[in-house]
Amino acid sequence: MSDDSKKNAEENQVEPKESEEETSEGDEENQDDAEIVGVEMPWSAEQEAESIPEGFEALGGPGFLLRTGEKPPSVLFAFPLRESTLFPDMTVPVLLEPEALKELMLQEEQQRNFVAFFSQKKPTDVHGPEDLHAVGVTARVLRVTSTADGLNALVVQVTHRCRIERFVLAQPHKMVVRVELLHDEVKDEDSVVIEALTRNLNQLLQEVASLSPNIAEEFVLLVQQLDSPSHIADFVALQFLQTIEERQPFLETLDLRKRLEMALTVLLKESEMLKLQNQLREEIHSQMEQRQREFLLREQLRLIRKELGDEVGEKELDAEKYESRIKKARMPEEAEERAQAELRRLSVLPPEAAEYNIIRTYLDWLCDLPWSRRSDARIDLRRARAVLNRDHHGLERVKERILEFLAVHKLKPDQKGAILCLSGPPGVGKTSLGRSIAEAMGRKFYRFSVGGMRDEAEIKGHRRTYVGAMPGKLLQALRRVDTRNPVIMIDEIDKMGKDWRGDPASAMLEVLDPSQNQSFLDHYLDVSFDLSEVMFVATANYRDMIPKPLLDRMEVIELSGYIPEEKVEIARKYLLPRQREAHGLEKNQLQITRKAFHLVVDRYTREAGVRELERQIASVCRKVATRVASQSSGEDAIRVRVQDTNVEQYLGAPRYLREESVQKKARPGRVRGLAWTPVGGESLIFEATQFKGTGKLELTGKLGEVMTESSRIALSFLKSHAEAFSIDLERLAKLDLHLHAPAGAVPKDGPSAGVAITTAFLSLLTNEPLPVPSDFAMTGEITLLGDVLPVGGIREKVVAATSIGIPHVILPEANRKDADEVPDYIRDKLTFHFVSHYNEVAELLFPQQWDVS
C-alpha cells in the first residue's frame, strides 16, 4: 500500500546497489533539484530528460516516456492510492510502504518495469478488491528514491488509463491484476466542438492565472506546453479538484468531448470564485483606505487648529455640548449621576473608538427625554363635553364615563386612578375617542400599536450590550411628544403575542400599574423614569383575549357599536363632508339624502362601526369626481343628488338582503330569535320538524356547544311539563326531532337562544303555530326548571328587531334595565314583554291553550 505526500526531500538512492551504478553523474549533480512535489505538479522538463533511461525516448508531449514499440503488459502489480488520483503523462514520485516495495523488487526486471495504480474508495486500509476503483492507470517505473523521513518512493511515468478485468492475486502488500488499456473516444462529428472547447479552456486557464495572485510562473509555462485536448482536461482535474470523488469521474470518462465539458464547468466555477474573492478584497481594501483617509484628515485638522492656537478637538466640543445639555435637562439625581459617569468615559476615549458613538447615542437619549417638561394641562369639563359631542355622535354612556374620569383628575390631579380600556368592534371610534380625551385635557397625544408584538424588549428596551440597542416604545413616545404627561394610546392590547423572546403582556404590567410605573426601568437607560403622570388609554376588540392580570389593572368601557340611526347621523355630519373634501368636491356638487343613507347602511354594509360605510360614501364621491373632472368648459355645473331611488346607479346591486319578516302563513315549529354578533344585532330563525323514529334529536345549522345544550334543556323542560302542555310522551318516544337554523354556513353559538328553541319545540309538538308569527321576536336563556335568565347585547338585538319591523320583543325580566337604555325613538316603535319564567312566554304566545299557572 502507498500514500502520496507533499513533503520536500532530497533524492537518495537505496538498495539494490545496482541502481547506484546505473545512476549517471548528471543525476548526482541534480539531486538537490529533484524535489518530491506530490501529484499536484509534473516534474520539470530538465528532470524528465535526466530521468530517461537508456533505450527509451520521449513521445507525445511532456513526460510521456515509452520504450520504442513497447506497451505495458496485461498483468501488472497493483498499488492502491489512498488520497490521490493519477492521470496519464505525469511523472511523479509515489510513496510506498516497505513491504510493498520489497515485493516489487523481488520480481524480475521485466515484471517490475510497469505497475498499476488504483485509487481507494475510502481512506482506510485495503482489505480486498472491492475497496478499489475499477479504473486506474498504468505507469513505467523510472527509479527508486527515499525521502528525508526515510520513506520509500517510486518515481514513475504514467502511461495509460486502464480497467481491472480480474484480480490474479489479492494479498496484503501484493496485488496482481489483469488490466485492459483504455483510450480516448473521439467521434468524427465532435471534432469541431472539441476544438472550440479546447480554445475556451486555454483562455480560461490564462484568465485564472491572471486572477489568482497565488499561482506561480511555472503554472503559466505548463499551460503553454499542453498540446492536446486530453492533456488539458486531465490538467484541469489535477490542478483544480482536490478529492478522489471529484477526480475519479475525469479518469473514468473516455468520451473526450464530455471530459472537456466537465473541465470547462470546473474552470468556470473557479473563475467566478476568483472574481468574487477579488471583488471582496477590493471592497475591504477600499473601506480600509477610507478609514485611513478620515484618520489623516482628522490629524491634519488637529495640526491646523494647533497652529492657529485654537486646539479644541472634536472630543472637547462633545464634552462641552453634553455638559450643557445635562444641566438643561434637569434630570433626577440617579439619572444625572449616570450621565456624568458616561461623560467621563467619553472624555477618555478617542473619537475613532467604536464605543465612542455608542456612549454619544446613550447621552443623546438621556438628554432628550422630558425629565421635567410638562404640558400645561387644564381640564374644562364644559369644553371636554363639547369636544366629545363635536367628534362623536351617540356613545352617551361612554362620554359620561370619560367625563367622570376627567372630573376626578380635575379635583385630584395627582390621582393614580384606573387606566381606561376602550373595548369594542373595529370602526366604532376607539382611537378618535383617545384623541378627543387628549384635546379635552390639553395634553399631547401619541398612539402606538402592540398588536402582534412578541418581544418584551419592544416595551422595556434592549440592553446596551446588543448591537443596535435602543429604548422601548414608551420612552420613544415620550421623546417624540417631548412632555412627561401626554395621553398615550396603546392600541390592539388584546393581540399581543408570546414566544421564546419573552412575554410583552407581562412587561406591560409594570407600565399600567399605577403603584409601579413611577419607577419604570428601561433596559437601555438602566435608570428609573416616572410614568405616573402619563395617562394611558388602551384599546381592544375582544375583552376576553386580554390577559387577566393586565385586565385587572384597567377599567374597561364597552363600545357596543352604532345603531342604524346613529350611523346615518354620523354619515351626514362627519363622513360625507370629510370624503367630499378628500375628493375635491364642493358641497353643492354632491348631496345624499337621509333615505339614501338608510338604504346604504341597511343593504350595503354589515358592521358595528362605520368604516365600510365611509368606503361606500368614498365610492360615490369617486364616481361624481370622475364626472366633474370630465366636464368640458362651458357646460353647466354638475350637481348630483343621491336618493334611495338611484343608489344602485352609484353602488351597484345591494350586497346584503335582509329578510323582511317570517312567512305570513302560520306554521308550527317556526320561531324568530334575536342574536348578537360583533357587527351588531341579527334576527335568527329556528325551524323544527318531526318524523317517525326512536326519539332522537338532530341539530343542524352549525349550532355551537352552548346552543346544543340549550336545545337539550328545552326538550327536557317540555317533557317534564308534558301534561301541562298536552304533549303525548308515548307518541314523542316514536318520533325524531330535527332543529335547524338557516344560513348553515355561518357558525352560531351563545347563551341566548333557549326561549326561542323551547317555543319552536312547543309549537311543533302541540301543532300550534304562533298566532301572528311576524309580530314576535325573542331572546333569553332557559334553565331546566323553566326560569328565564338574562342575556347580553340587548341594545343591538332590539335595533335588529326594529330594522325588520318586529313590533313585539320578549326579553328576560332581568334585562329590563338594559331595555331602559335603548334610545327613545327606538323604544317608541316596540312593545317589550318581560318574562321571568317560560310559562309566561307560553301564556303570551298561546293564550287559552293550556293551564300552565
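1. In this predicted model, four glutamates, Glu333, Glu334, Glu336 and Glu337, together form a negative patch on the surface. One of them, Glu334, lies in helix α12, which spans residues 333-348.

2. The exposure of Glu334 deserves a precise description. Its relative accessible area is 42%, and Glu334 is therefore classed as partly exposed, since that class lies between the 20% limit for buried residues and the 50% limit for exposed ones. The value also agrees with the membership of Glu334 in the patch, because patch residues must have over 30% relative accessible area.

3. Thr198 offers a second local case. This residue is placed in helix α6, residues 191-211. With a relative accessibility of 10%, Thr198 counts as buried, because the class covers residues under 20%.

4. The surroundings of Thr198 may be read together with its burial. Leaving aside residues up to four places away in sequence, Thr198 touches Pro229, Ile232 and Leu260.

5. As to the chain overall, its secondary structure consists of 31 helices and 26 strands. The chain has 853 residues, of which 47% are buried.

6. The contact pattern may be reported with its sequence limits. When contacts between residues at least 6 apart in sequence are considered, 74% of them connect residues at least 24 apart.

7. Finally, the accessible surface of the chain is about 43800 Å². Carbon and sulfur atoms contribute 49% of this area.

Note on methods:
Residues are numbered from 1 along each chain as its sequence is written. This is a predicted model: local features need pLDDT of at least 70, side-chain atom pairs count only at pLDDT 80 or more; totals for chains, interfaces and linings use all residues. Side-chain values use heavy atoms; hydrogens and water are left out. Patches are made of residues with over 30% relative accessible area and no salt bridge: like charges are joined within 9 Å, nonpolar side chains (Val, Leu, Ile, Met, Phe, Trp, Tyr) within 5 Å. Accessible areas come from the Shrake-Rupley method with a 1.4 Å probe; for residues, only the protein chains shown count as cover. A salt bridge is a side-chain nitrogen of Lys or Arg within 4 Å of a carboxyl oxygen of Asp or Glu. Lys and Arg count as positive and Asp and Glu as negative; His and the chain ends are not counted. The place of a charge is taken as NZ of Lys, CZ of Arg, CG of Asp or CD of Glu. Helices (H or I, at least four residues) and strands (E, at least two) are DSSP runs, numbered from the N terminus. Buried means under 20% relative accessible area, exposed over 50%, partly exposed in between (1.4 Å probe, protein chains only). Contact means heavy atoms within 4.5 Å.
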